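Trainee: I want to know what stands behind the labels on this model. Can we go through them?

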Amino acid sequence: MKRFIGFIKKEFYHIFRDTRSLFILFGMPIAQVMLFGFAITNEINNVNIAVFDKSKDATTQEIINKITTSTYFSNKQFLTNEAEIESVFKKGKIKAILVFEKDFSTKLIKENNATVQIITDATDPNTANTVNNYVSSILQKYQQETNKNIKPPFQIVPESRMVYNAELKSVFMFVPGVMTIILMLVSAMMTSISITREKELGTMEILLVSPIQPFQVIIGKVVPYIFLSVINAIVIVLLSIFIFKMPVQGSLFLLGVESVLFIINALSLGILISTISKTQQTAMMVSLMGLMLPVILLSGFIFPISSMPVALQVISNVIPAKWFIIIIKGIMLKGVGLTILWKETLILVGMTVFFIVLSIKKYKIRLE
Amino acid sequence: MKSKNVIQVEDLTKKFGDFTAVDSISFKVNQGEIFGFLGANGAGKTTAMKMLIGISKPSSGIANVAGFDVYTNPEDIKKNIGYMSQKFALYDDLTVKENITFFGGIYGLSRKQIKEKRKQLVDELGLQKIVNELVGSLPLGWKQKLAFSVALLHEPKVIFLDEPTGGVDPITRRQFWEMIYKTANNGTTVFVTTHYMDEAEYCDRVSIMVDGKIEALDTPKKLKQQFNAENMNDVFLKLARG
């Protein structure tokens with residue numbers, strides 16, 4: 001046991017004397033949460049639009065007012081001819097242009113029908129789509145308000161309510177994802193690098209020749225990172241609660257236990273990576289390509305799994321991050337407990353056991 | 001000098017699939033002896049050494065190190081041997097003091113023992129001024145001497161040195177060999193591999209491996225007579241060329 005404590009002390013010296021890894025450890029989580037929380041967002045705000053009003057009557061004026069007084073859009077420019085449309089888009093500042101047809105009001109009254117064209121810059125398809133939807137819904141609302149006195153033959157009134165994230169804050173979606181990425185990165189990449197470093201420097205050989213047991217070496221490597229990852233998880237949760245006002249509906253204790261489970265899962269992956277890589281560079285590349293990319297792309301963090309091709313949906317099942325994200329979202333946003341999340345938890349436990357057994361086997365083969 | 005055998009090897013063999021890396025070698029090393037283990041790259045010396053220090057299982061044969069069998073008691077062997085490899089193997093980002101404490105710790109020395117040993121070691125090597133410096137900032141010669149002393153912290157019966165003087169200047173090499181002599185005089189057996197044939201002359205006995213077999217084993221003096229050579233370099237070349 002004394003040997004073991006000495007070993008862990010040594011690991012902390014390594015970590016705290018390497019400013020680069022310290023930065024990755026503690027700078028990254030904060031930077032990422034801030035970045036995803038503030039900068040990256042799916043909501044639209046103050047999108048610049050232009051108007052080409054061929055009719056310039058009271059109705060079009062009213063509609064334009066409705067649109068520009070909302071916080072979503074600001075009218076930057078009135079166009080005077082068709083040719084301008086293309087050049088305005090090419091400059092890039094204007095994301096959408098509304099074109100009202102000639103004699104809009106008159107047509108509306110006489111023919112009960114007038115068109116307004118919404119042209120959007122679809123170089124960014126997500127924004128274009130959202131802008132389109134927002135404008136359409138403002139137009140629809142205007143129509144309903146003006147037709148209040150006339151009774152339509154029948155009417156379907158959609159009454160939507162967004163539960164668990166009523167304001168549709170995208171930070172609620174990013175926090176679980178960022179937490180997953182950080183824990184994966186810190187746990188798997190850092191341990192695999194620290195083990196391969198000993199191999200590269202030749203100190204692993206010295207350790208294997210000494211009376212210290214191989215499993216003590218591995219556990220000694222892992223314990224400091226469990227500790228640091230838990231601190232990271234706490235920092236991320238605190239940031240999301242106090243800065244982004246993200247609720248934790250469920251039990252904090254369960255959140256902690258599940259996080260430790262995921263950390264151990266990532267650590268065992270890190271050990272596995274270190275048994276197959278000879279150098280620190282390889283370990284880093286394998287961790288980045290083999291772990292980070294799937295975590296970002298296939299875990300459902302950014303891209304919804306249900307809209308992926310079937311093959312990718314199947315693959316996503318073997319990615320531990322997918323299950324962990326479901327678990328954190330469940331606990332933080334929905335406030336559910338193990339009665340609901342037992343399946344995901346069991347899958348994570350199973351994967352962890354599998355990785356640990358596999359890396360022990362691999363490690364032994366290497367020693368022969 | 002007592003003639004107790006500290007290392008005893010008979011027909012030791014290691015096969016990797018069809019390839020026989022170590023082919024039925026036999027030798028004995030006495031207590032307090034400096035035993036030179038020579039061979040060209042790929043002749044099998046590292047593989048043989050790995051079996052003796054308990055990190056590689058032999059395919060067949062008998063090997064006994066410090067009184068323990070390599071098959072049944074590799075853990076006891078580990079406690080009774082020291083090892084220093086060709087790659088420098090202390091931690092660069094730990095201070096001299098921290099390295100000594102760490103390696104003393106993993107060999108199970110008590111805090112008091114570590115403190116005494118450290119004091120002794122620092123005095124012997126004249127490290128008083130740099131004891132709190134990072135090992136990474138020391139010159140290579142210093143590091144190697146320090147690594148050697150650290151490998152001896154737990155007073156092993158045998159110390160295995162795998163090309164310990166690689167990349168060191170002649171003066172440091174000389175000092176290093178003085179340390180080896182002193183260690184052997186204290187009764188510790190020294191098992192050393194080297195590429196430098198002049199160093200082979202310093203050994204009590206020398207074995208030369210060619211293609212997995214020990215082709216010659218005797219004192220440097222007798223080997224030179226046997227092969228009618230002026231120095232060990234010639235002996236080695238004659239053997240290696242077959």
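Mentor: Start with one pair: A:D53 stands opposite A:F100 in β3(A). A ground rule: this is a predicted model, where local features need pLDDT of at least 70, side-chain atom pairs count only at pLDDT 80 or more, and totals for chains, interfaces and linings use all residues. Residues are numbered from 1 along each chain as its sequence is written, while chains are lettered from A and ligands numbered from 1 in the order in which they are written.

Trainee: What makes β1(A) and β3(A) a pair?

Mentor: Strands pair if DSSP finds at least two bridges between them. Five bridges join β1 to β3 (residues 96–100) of chain A, and the strands run parallel. Strands here are DSSP E runs of at least two residues, helices H or I runs of at least four, numbered from the N terminus.

Trainee: How many bridges join β1(A) to β2(A)?

Mentor: Five, again parallel, between residues 47–53 and residues 73–78 of chain A. A:A50 has A:Q77 as its bridge partner in β2(A).

Trainee: Why is helix α3 of chain B called largely enclosed?

Mentor: Buried means 20 or more other C-beta atoms within 10 Å of a residue's own (exposed: 12 or fewer; partly exposed: in between), with C-beta atoms placed from the backbone. In α3(B), residues 96–106, 10 of the 11 residues are buried, so the rest of the structure largely encloses this helix. Among them are B:F102 and B:F103.

Trainee: What covers the buried residues of α3(B)?

Mentor: The cover includes α1 of chain A, plus α4 (111–125) and α5 (140–151) of chain B.

Methods:
Contact = placed C-beta atoms within 7 Å.
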